[in-house]
Amino acid sequence: MQRIYVHPFPVRLWHWINAVGFVAMMLTGTQIRYVGIIDLMSFRTAVTVHNWIGFVLIGNYFIWLLFYLFTDKIRVYHPELSPTKHFKASFRQLQYYGYGIFKGSPNPHQVSAYDKFNPMQSMMYQVVMFLLVPLLAVTGVLLWDVQGFYGAVDFFGGIRVVDTVHVLIYIFFAFFIFFHVYMGSLGHTPTAHYKAMFVTGYEEIEEEPGHGGATKR
Amino acid sequence: MAGSRKVNTMSMATLHRNLVKAAFAALLMLLPARLMAADAAPADKLSDGDKQCLGCHGFEGPKKELPGGKVLSLHVRGDGFAKSVHGAIGCTSCHADVDLKTHSQKPKTIASSREYSVAMTKVCGGCHADALKQNETSVHAMLLASGNPSAPICTDCHGSHAVTPKTAYDTCVGCHLAAMDAHRKWLPNAGLHLEVVSCAACHAPAAQRMVDLRLYDGATKKWVAEKEGKPEFEKTARAADTDGDGLDAMELRKLIGQLNRDEAAQPKNLRGRIELRIGGEAHQLSGKSKAIKDCAICHRQGAEPFQNVAISIFSADGKPLRYKAQKEVLGSVLSVDSLREFYAVGGTRNILLDILLVLAVLAGLTVPIGHQVLKIIVKGELERAARQDKAAKGRDQP
């Protein structure tokens, strides 16, 4: 078993602040939207906590952004510009998760320090980190002070448009949070990816193909 | 010659004095004339009797000396009174005790302007009995009963002669100057709340609330009012409401389109306000300890204020003109544009997004469960295939 350092400390710090914050945002956001159906806390407490954590997460986003902007690790997000190559690789990955993983086929994507995402992950995380999270943050800030940002709210089509975009992204993350947690358990052991991202930063790579975990290129 | 010069000199001095006097008199005459000119147009609506009253009271001159050396101005701005909601009923409706024959000879005895105003609240109650009754249990009435010299009475909120419909907030903050700061200490988005929720909506908790969707002109930054002599709003709204059961989301879109026919002008939008269904119930103002502080009163699906919805503009004389809308417009996907300036989180949410959320959560749960089920099926199939393969190999061997 070989160990490769793929999750540097700033990324791990960002990820876990983000994970805890996102769960809190989902809970408080659900409470804000569904008063009477869910009664975990008062509406006012939910709004106050939602606002504070929202700003913490915006600050936290910059840990991620600045780390990748100012290190060569940004290469992990470099897109595959050839659609043919990308979709072929994605299809192979899909086949692996849909069938190969059950019979112990090797993971078609081989992890390295500069290539830690499989094709499906790289596409998904680019959409999440460069589009959905910033959009969620911007719409959240506009909703935080509708009066102060009246001009911007009006520019984007009114408060209902801003709110609908915010809620649609929340709905996406309501799906993604389950999906993401489950996919994290599909390492060579159910906790392998968690240990790497939580604690060590090292992914354990099996040198011989034949298991469901990541393999070295 | 000398005598003649003296006479001439005296004549010149007299002429000069007379000219100065004439000019001063002309100025004195011009000043009220200018004041009268300003009052003239709206004052034309007043009756001859009212004009007679304003003949004296329309100027700043008349004053009454009160005990203790205080002075009470008897000036009434004619234009303000003419424009007021009381302009049509005339001076004597409230001042019925005034007898023109004895008015100047037997002036009333007034101990203080405050005492006079308090006594006049009974006159208000002559017409506004319901309002006065509701006011009896209000925090304002309790302060008055306790002898508080600053306790608000009718005229403190509504004015004495220039009585016009007012926004509650403007009226309230006239005295409650620290209201904004006090709300900021506990209320998220306090500025927005004080803009879109009338004070009485929370401070008269027993009253029924409603959503008043008022037409706002972003270009002039004013609420839209009908042009004088051209009432069109109700006719246009009635035409849009084809079923006659209140405007639904589609009809509301149509109405907004009608009201924004002029494509060159900046579109007018509806801004929602939480108001009392019956404005007079605002007189039931409670103390702040009893005011609504529970956000869930509004921020929940089916909340009481969202059960009654109306579209409104102001009439030419400042009264709200309302037309009923169906409550479903508040949560309709078709209202994204027509109600682009009103949304209450939790209270006016769109049910399609709720359905989408349930589907997303189900999908999120289905992926791991489905994948594990698939794993069991595939594993079982693979093991069975392996067993069959082994059995086949066993049969082939001698």
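**Asking why: surface, salt bridges and a shared interface**

Tutor: In this predicted model, the accessible surface of chain A comes to about 11100 Å². Carbon and sulfur atoms hold 70% of that surface. Such areas come from the Shrake-Rupley method with a 1.4 Å probe, and for residues only the protein chains shown count as cover. Residues are numbered from 1 along each chain as its sequence is written, and chains are lettered from A and ligands numbered from 1 in the order written. Local features need pLDDT of at least 70, side-chain atom pairs count only at pLDDT 80 or more, totals for chains, interfaces and linings use all residues, and side-chain values use heavy atoms, without hydrogens and water.

Student: Why is B:D79 called buried or exposed?

Tutor: Buried means under 20% relative accessible area, exposed over 50%, partly exposed in between (1.4 Å probe, protein chains only). B:D79 has 15% relative accessibility, so B:D79 counts as buried. In chain A, 46% of the 217 residues count as buried.

Student: And what makes B:K133 buried or exposed?

Tutor: Its relative accessible area is 56%, so B:K133 is exposed.

Student: How do you know that B:R77 and B:D79 form a salt bridge?

Tutor: The rule asks for a side-chain nitrogen of Lys or Arg within 4 Å of a carboxyl oxygen of Asp or Glu. The closest N and O atoms of B:R77 and B:D79 are 3.3 Å apart, so the pair passes. B:K133 and B:E136 pass too, at 3.8 Å. Over all chains the count is 16.

Student: What makes B:E341 and B:R271 a pair that links distant parts of the chain?

Tutor: They form a salt bridge, with N and O 2.5 Å apart. B:E341 lies in the loop between helix 15 (335-338) and helix 16 (351-396) of chain B, and B:R271 in strand 5 (residues 268-276), 70 residues apart. Helices (H or I, at least four residues) and strands (E, at least two) are DSSP runs, numbered from the N terminus. B:E341 is buried at 16%, and B:R271 is buried at 15%.

Student: Why do B:R340 and A:D154 count as a salt bridge?

Tutor: Their side chains meet at 2.8 Å, N to O, so they are within the 4 Å limit. Across the interface of chain B and chain A, the rule finds two salt bridges. On the side of chain B that touches chain A, helix 11 (190-196), helix 15 and helix 16 each give two or more residues. Helix 16 gives the most, with 17 residues.
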